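Got your viewer open? Let's take a walk through this protein together, one selection at a time.

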Amino acid sequence: MKKSIRAVLFLLASALTAVTAPQLLPVAQAAPSGDCPKAVIVALRGSGEGSIGPQNYGNISSSGWEGNTLSRLLKRAYSTFPEIADIPVLGVDESYEAISVPLASIFLESRVST
């Protein structure tokens, strides 16, 4: 199970580090009450993907702008690891220019390191 958590976190971290232009990232804002979650998943969709409409993961929902690929990953993660049920997904909107992520090299890298 720990390998699965590491694999999910590795894939999410790898996808996020592929973003090299900080100006493309959404601007973070604190909640009006001043309460911030301990953790948040920042979902940046891949190139060619658009909104898939609002989605539910665990006890939270997203705008759907994470795209189909990340949505499948998030659904699997939230169903496999109930302890993350309350971690919100911070999505982007139509103004985010999705970039191409070299998934083949990410998977090859993870297979070599295990």
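Start by colouring by pLDDT, since this is a predicted model. The mean pLDDT of the protein is 75, and 55% of its residues reach 70 or more. Now select residues 19-23: the pLDDT there is below 50, and this stretch has 4 contacts in the model beyond near neighbours in sequence. Keep that in mind as you go.

Next, switch to a cartoon view. You should find 3 helices and 4 strands, and if you follow the chain from the N terminus, the elements run α-β-β-β-α-β-α. Show the surface too: about 7600 Å² of the protein is accessible, and 58% of that belongs to carbon and sulfur atoms. Of the 114 residues, 29% count as buried. As for how the chain folds back on itself, take the contacts with a separation of 6 or more: 62% of them come from residues 24 or more positions apart.

**Stop one: helix H2**

Select residues 67-80, which is helix H2. How far apart are its end C-alpha atoms? They are 20 Å apart, and that agrees with the 20 Å that 14 residues should span at 1.5 Å a residue.

Now show the side chains of Gly67, Leu70, Ser71, Leu73, Leu74, Ala77 and Tyr78, the buried residues of H2. Look down the helix axis: these buried residues fall within an arc of 165°, so they line one face of the helix. Swing round to the other side of H2 and you'll meet Arg72, Arg76 and Ser79, which are exposed.

**Stop two: the core**

Select Ile41, Ala43, Tyr57, Ile60, Leu70, Leu73, Leu74, Ala77, Tyr78, Phe81, Ile84 and Val89. These 12 residues make up the largest nonpolar core. H2 gives the most to this core, with 5 residues. Seeing a cluster like that fits a general habit: in soluble globular proteins, nonpolar side chains tend to be buried together.

Zoom in on one core member, Tyr57. Leaving out residues up to four places away in sequence, Tyr57 touches Ser62, Glu66, Ser71, Leu74, Lys75, Tyr78, Ala85 and Val89.

**Stop three: Ser71**

One of those partners deserves its own click. Ser71 lies in helix H2. Is Ser71 buried or exposed? Its relative accessibility is 2%, so Ser71 counts as buried. Besides Tyr57, Ser71 is in contact with Ile52, Gln55 and Glu66, once neighbours within four places in sequence are set aside.

**Stop four: Glu94 and Arg45**

Move on to Glu94, in the loop between strand S4 (89-90) and helix H3 (103-113). With 57% relative accessibility, Glu94 counts as exposed. Draw a distance line from its C-alpha atom to that of Gly50: the two are 44 residues apart along the chain, yet separated by 7.6 Å. Which residues does Glu94 contact, aside from neighbours within four places in sequence? They are Arg45 and Trp65.

Finish by clicking Arg45, in the loop between strand S1 (41-42) and strand S2 (55-57). Arg45 is buried, with a relative accessible area of 4%, whereas its contact partner Glu94 is exposed. For one last distance line, join the C-alpha atoms of Arg45 and Tyr96: they are 8.9 Å apart in space and 51 residues apart in sequence.

Notes: Residues numbered from 1 in each chain as written. Predicted model: local features only at pLDDT ≥ 70, side-chain atom pairs only at ≥ 80, totals over all residues. Heavy atoms only, no water. Helix = DSSP H or I, 4+ residues; strand = E, 2+ residues; numbered from the N terminus. Buried < 20%, exposed > 50% of the residue type's maximum accessible area, 1.4 Å probe, protein only. Contact = heavy atoms within 4.5 Å. Areas by Shrake-Rupley, 256 points an atom, 1.4 Å probe, with all protein chains shown as cover. Expected span 1.5 Å × (residues − 1). Arc of directions from axis to C-beta. Core = buried A, V, L, I, M, F, W, Y, C linked by side-chain atoms within 4.5 Å. pLDDT = per-residue confidence, 0-100.
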